[in-house]
Amino acid sequence: MHGLHLTADLYQCQGDARHMLDADAIAALCRAQTAQAGLTLVEDRWVKFPDYQGQPGGVTGTVLLAESHLAIHTWPETGCVTVDVYVCNFSADNSGKARALMEGVIAAYAPGRVVRQHLMRGDIGSGAQATAAADEGDWALEALTPHARFGWRATRRETVQTPHQELELLHTPQFGKVLRLDGRFMTSEGEEFFYHEALVHPAALAHPAPRKALILGGGDGGAAEELLKHPSMEQVVVAELDEAVVQAARTHLQQVHWGVFDDPRLQLRIGDGMAMVERTEERFDLALMDLTDPDTPASALYSDQALARMKRVLAPGGALVLHLGSPVFHGEQVARLVASLRERFAIVRCYGLYIPLYGAYWGLAVASDTLDAAALPPAQLRQRLAERRLPDLRYYNAEVHPALFALPNYYRDLVQPAPLAALPARAVRVA
């Protein structure tokens with residue numbers, strides 16, 4: 001009978017020690033979580049293994065459910081646990097209950113790292129049931145607003161709670177490996193070029209010869225890899241708060257960064273990027289804010305004060321680039337950020353594109369006192385593209401550049417400059 005089979009491998013478990021060593025405590029945990037999930041316990045059986053070579057023995061056991069089973073095996077000597085939950089969907093869809101049971105057990109063990117897998121089991125029933133089983137799956141969803149969600153089917157998940165955030169590596173049929181932070185999709189192997197090429201190249205091509213760049217965030221390496229395609233670039237500083245993001249990218253996301261962490265022109269600085277910006281005397285031709293969304297714990301990095309600090313580290317002729325969120329779903333946020341940029345920079349150019357992983361049309365901006373990325377003459381743009389011979393571009397080209405800055409009316413209305421009477425004395429140009 002078709003159903004959902006979930007497995008989880010738990011590492012560095014920090015939960016109650018009894019749940020590693022005590023069969024009765026584990027049995028009580030599983031009975032309670034089964035009842036809470038709404039599944040039906042029939043019987044359970046638990047075995048405590050004897051100590052071996054001075055190490056405590058683990059526990060193995062199974063809860064027989066009317067819907068199928070829950071099984072647990074503990075390895076106290078390594079702090080590891082394996083869990084699997086299987087439910088059939090004969091009389092009702094029990095998939096949600098299975099996920100609730102699994103997550104309840106995982107939470108009790110408080111693992112430092114989780115590797116999840118799911119399998120849709122085969123069907124012995126009718127063709128209609130088989131079709132329903134094929135349509136089931138483990139969906140990774142992101143809330144775009146309180147009223148809208150977007151997601152991708154995930155065939156496997158690895159989860160790590162870092163000192164700063166929850167890091168997930170999803171394996172997806174659509175885009176391969178996907179990085180997610182605190183429930184927000186960040187980048188993927190299959191479509192990273194949409195975001196990274198659009199973030200980097202409009203400003204980098206508008207600059208006559210960028211030599212030095214700063215990336216605030218950017219621990220996946222994708223933006224750094226695009227910047228270092230420009231032959232004039234001598235140094236790219238990546239200021240990433242969470243070292244675990246860099247390690248995950250190095251290990252799993254080679255098709256995002258393409259080995260950029262081994263480029264001698266890349267300087268990786270782990271720690272508080274804004275603190276680095278405050279104390280540095282360095283100046284950069286380009287500064288990119290490649291961060292989680294403005295409505296996440298990174299919101300302080302989009303404040304008026306933070307944007308002023310980012311302007312301070314720009315070299316003469318330099319530009320700041322950042323993403324704004326979706327004009328469709330985050331209109332007030334986009335308008336607020338653009339207004340803040342306009343107060344600090346003489347030229348603010350908004351642009352946008354559809355980013356598949358984010359499920360929406362996404363807004364970005366280039367801000368500068370002298371560099372106008374939207375006003376680059378087509379002939380000069382083509383000349384620079386020819387001279388720089390940027391390799392392997394999959395989204396950006398000479399025709400795309402001006403199209404990025406062609407704003408739909410609803411987006412233009414969001415970022416419309418104030419009436420002339422309300423403008424300060426100095427001239428201000430905006431998108």
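What follows is a walk through the overall layout, cores, pockets and cavity of a predicted model.

Starting with the whole chain, the C-alpha trace stretches about 80 × 55 × 40 Å along its principal axes. The chain has 431 residues, and 55% of them come out as buried. Its secondary structure adds up to 14 helices and 20 strands. As for how the chain folds back on itself, take the contacts between residues at least 6 apart in sequence: 64% of these link residues at least 24 apart. The domain assignment splits the chain into domain 1 (3-121), domain 2 (138-188) and domain 3 (192-415).

Domains 2 and 3 turn up together again and again in this model, beginning with their direct contacts. On the domain 2 side 23 residues take part, and they meet 22 residues of domain 3. Between the C-alpha centres of the two domains there is a separation of 22 Å.

The packing between these two domains also shows in the largest nonpolar core, to which both domain 2 and domain 3 give residues, so this core lies between them. It holds 66 residues, and the ones touching the most other members are Ile215, Leu227, Val236, Leu266, Leu286, Leu288 and Val366. Helix 5 (residues 192-206) makes the largest contribution, with 10 residues. Leu286 gives a good view of the surroundings at one spot. Setting aside residues up to four places away in sequence, Leu286 touches Ala203 and Ala204, then Pro210, Lys212, Ala213 and Leu214, and also Leu227, Leu314 and Ala319. Of these partners, Leu227 is itself on the list of core residues that touch the most other members. There is also a second, separate core, made of 34 residues, with Met276, Ala306, Leu322 and Leu324 among them.

Next come the open spaces. The largest pocket has a volume of about 590 Å³. Its lining takes in 34 residues, and those nearest the pocket centre are Gln165, Glu240, Leu291, Thr292 and Ala298. By class the lining is mixed, with 15 nonpolar, 11 polar and 8 charged residues. Several secondary structure elements supply at least two lining residues each: strand 11 (176-181), strand 12, helix 5, strand 13 (212-217), strand 14 (235-240) and helix 9 (273-279). Helix 5 thus serves the pocket lining as well as the largest core. Domain 2 and domain 3 each provide at least three residues of the lining, so the pairing seen in the core comes back here.

The second largest pocket encloses about 260 Å³ and involves another pair of domains, since its lining draws at least three residues from each of domain 1 and domain 2. Fifteen is the count of lining residues here, and Arg99, Glu103, Arg116, Asp138 and Arg157 sit nearest the centre. Two or more lining residues come from each of strand 1 (3-11), helix 3 (95-109), strand 6 (113-121), strand 9 (156-161) and strand 10 (166-172). The class split is 3 nonpolar, 4 polar and 8 charged residues.Strand 6, one of the elements lining that pocket, also contains Val114. Is Val114 buried or exposed? With a relative accessible area of 4%, Val114 falls under the 20% cut-off and is therefore buried. Beyond its neighbours within four places in sequence, Val114 is in contact with Ala8, Asp9 and Leu10, with Ile106, and with Arg157, Glu158 and Thr159. For one of these partners, Glu158, the gap to Val114 is 44 residues in sequence, while their C-alpha atoms are 5.4 Å apart in space.

Finally, a search of the whole structure for enclosed space of 30 Å³ or more turns up 1 cavity, with about 50 Å³ inside. The residues around this cavity are Glu142, Leu144, Phe185, Met186, Asp293, Tyr358 and Trp362. By class, 5 of them are nonpolar and 2 are charged, with no polar ones. Strand 7 (139-145) and strand 12 (184-188) each supply at least two of the lining residues. Domain 2 and domain 3 both contribute to the lining, so the cavity lies between them.

Conventions
Residues numbered from 1 in each chain as written. Predicted model: local features only at pLDDT ≥ 70, side-chain atom pairs only at ≥ 80, totals over all residues. Heavy atoms only, no water. 1 Å grid on protein atoms, 1.4 Å probe; cavity = no way out; pocket = protein on both sides within 12 Å on 5 of 7 lines; lining within 4 Å. Points joined across faces, edges and corners; volume = space filled by probe spheres on them. Helix = DSSP H or I, 4+ residues; strand = E, 2+ residues; numbered from the N terminus. Nonpolar A, V, L, I, M, F, W, Y, C, P; charged D, E, K, R; others polar. Domains from an automatic or database assignment. Core = buried A, V, L, I, M, F, W, Y, C linked by side-chain atoms within 4.5 Å. Buried < 20%, exposed > 50% of the residue type's maximum accessible area, 1.4 Å probe, protein only. Contact = heavy atoms within 4.5 Å.
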